[in-house]
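Please open the model in your viewer and keep the sequence panel beside it, so that selections can be made by residue number. The stops below can be followed in order.

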Amino acid sequence: MRTLIIGNWKMHGSRASAGALAEACAGLLGHVVLCPPFTLLDVVAQALKSSSVALGAQDCHFAAQGAFTGDISAEMLKDAGCAYVILGHSERRGGWGETDAMVGMKATAAIEAGLIPVICIGETLEEKDAGKTLARVESQLRQSLPAAAMAENTVIAYEPVWAIGTGRTPTLEDIKTVHQHILDILVGIWHCSPAHCRVLYGGSVKAANAGEILAVPGVGGALVGGASLDAGEFAGIVSSVKVAHA
Ligand code: PGA
């Protein structure tokens, strides 16, 4: 399986800046996805038209359509050219009270619409300090993963909440332990080979640390926030895929 690098632009960018950033990323070689805010999906889709870089979004509603003011459905994202959607990011779980059950419903909607959900899980600093990382990650995973999810249509992103946007990352040994635990659970649920399960690491990934993180056994790619807003930094992360597997 090719290493997957996803850029999560969060709530950043104008049509002008997003178009320029997407054009700068359009030539990247590898398995790459850009996830701009909803209003910039069309600009980025345009810039990626003849590129192998794919388009994704940062959230969706669990219904296909209806009276849900302010929401966007998975079908709308598919219609806008998306292939992926990030779900259950800690900024949505924490900021908007999204529960595992809601994330699971959204993931079902995404799969039904033909999108690949990128389901985010990860412990807080308090949970880590209390030695509860594996238990927390396991319960989030089991309860956010819908019945429709399979190795072929779903990506998991392990993002320790305390590592997001902080410049701090777990030790490589800790990343390995958590990814192994996630893979063991997925193999138990999906009855597949761990080699077919895609589990990304996210949280303060940058060009300088991507090579060593991507080389950790069980890490199938990276979900990148801040560093994906800088074309040079993001290109550095994408090119470190080769280094990690050299
Ligand atoms: P970061 O964010 O790379 O800025 O830490 C990662 C994420 O939130 O997906």
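## Stop one: the largest pocket

Begin by selecting α4 (90-96) and α5 (100-112), since each of these helices supplies at least two residues of the lining of the largest pocket. Keep in mind throughout that this is a predicted model. With three residues, α4 gives the most to that lining. Next, show the side chains of Phe 38, Gln 58, Asp 59, Arg 92 and Trp 96, which lie nearest the centre of the pocket among the 22 residues that line it. The volume of the largest pocket comes to about 560 Å³, and if you colour its lining by residue class you will find 10 nonpolar, six polar and six charged residues.

## Stop two: the loop between α4 and α5

Stay in this region and select Glu 98, which is found in the loop between α4 and α5. Is Glu 98 buried or exposed? Its relative accessible area is 6%, under the 20% cut-off, and therefore Glu 98 counts as buried. Displaying its surroundings, and leaving out residues up to four places away in sequence, you will see that Glu 98 touches Asp 59, Gly 88, Arg 92, Arg 93, Val 103 and Lys 106. Two of these partners have already appeared on the tour, as Asp 59 and Arg 92 are among the residues nearest the centre of the largest pocket.

## Stop three: the second largest pocket

Now move to the second largest pocket, which holds about 200 Å³ of space. Select Gly 165, Ser 204, Val 205, Gly 225 and Gly 226, the closest to its centre of the 17 residues in the lining. Sorted by class, this lining has five nonpolar, nine polar and three charged residues.

## Stop four: the nonpolar cores

For the interior, select Ile 5, Leu 34, Ile 156, Ile 182, Leu 186 and Phe 234, which touch the most other members of the largest nonpolar core, a set of 67 residues. Helix α8 (residues 172-190) contributes the largest share of this core, seven residues. Centre the view on Phe 234 and, not counting residues up to four places away in sequence, look for its contacts, which include Ile 5, Ile 6, Cys 25, Leu 28, Leu 34 and Val 224. A second, separate core has 12 residues, among them Cys 35, Val 118, Val 155 and Ala 157.

## Stop five: strands β6 and β7

Select strand β7 (residues 198-202), where five of the five residues are buried, so that the strand is largely enclosed by the rest of the structure. Turning the strand over shows that both faces are covered, with Arg 198, Leu 200 and Gly 202 buried on one side and Val 199 and Tyr 201 buried on the other. Add strand β6 (residues 155-158), which runs parallel to β7 and is joined to it by four bridges; here Ile 156 stands opposite Val 199.

## Stop six: Thr 3

Finally, select Thr 3, which sits in the segment before β1 (4-8) and counts as buried because its relative accessibility is 11%. Apart from neighbours within four places in sequence, Thr 3 is in contact with His 31, Arg 198, Leu 214, Gly 220, Gly 221, Val 241 and His 245. Draw a distance between the C-alpha atoms of Thr 3 and Val 224, which are 221 residues apart along the chain, and the separation is 13 Å.

Terms used:
Residues are numbered from 1 along each chain as its sequence is written. This is a predicted model: local features need pLDDT of at least 70, side-chain atom pairs count only at pLDDT 80 or more; totals for chains, interfaces and linings use all residues. Side-chain values use heavy atoms; hydrogens and water are left out. On a 1 Å grid over the protein atoms alone, a cavity is a set of points where a 1.4 Å probe fits but cannot get out, and a pocket is an open set with protein on both sides within 12 Å along at least five of seven lines; lining residues have an atom within 4 Å of a point. Grid points are joined across faces, edges and corners, and a volume is the space filled by probe spheres set on the points. Ala, Val, Leu, Ile, Met, Phe, Trp, Tyr, Cys and Pro count as nonpolar, Asp, Glu, Lys and Arg as charged, and the others, Gly among them, as polar. A nonpolar core is a set of buried Ala, Val, Leu, Ile, Met, Phe, Trp, Tyr and Cys residues joined through side-chain atoms within 4.5 Å. Buried means under 20% relative accessible area, exposed over 50%, partly exposed in between (1.4 Å probe, protein chains only). Contact means heavy atoms within 4.5 Å. Two strands pair if DSSP finds at least two bridges between them.
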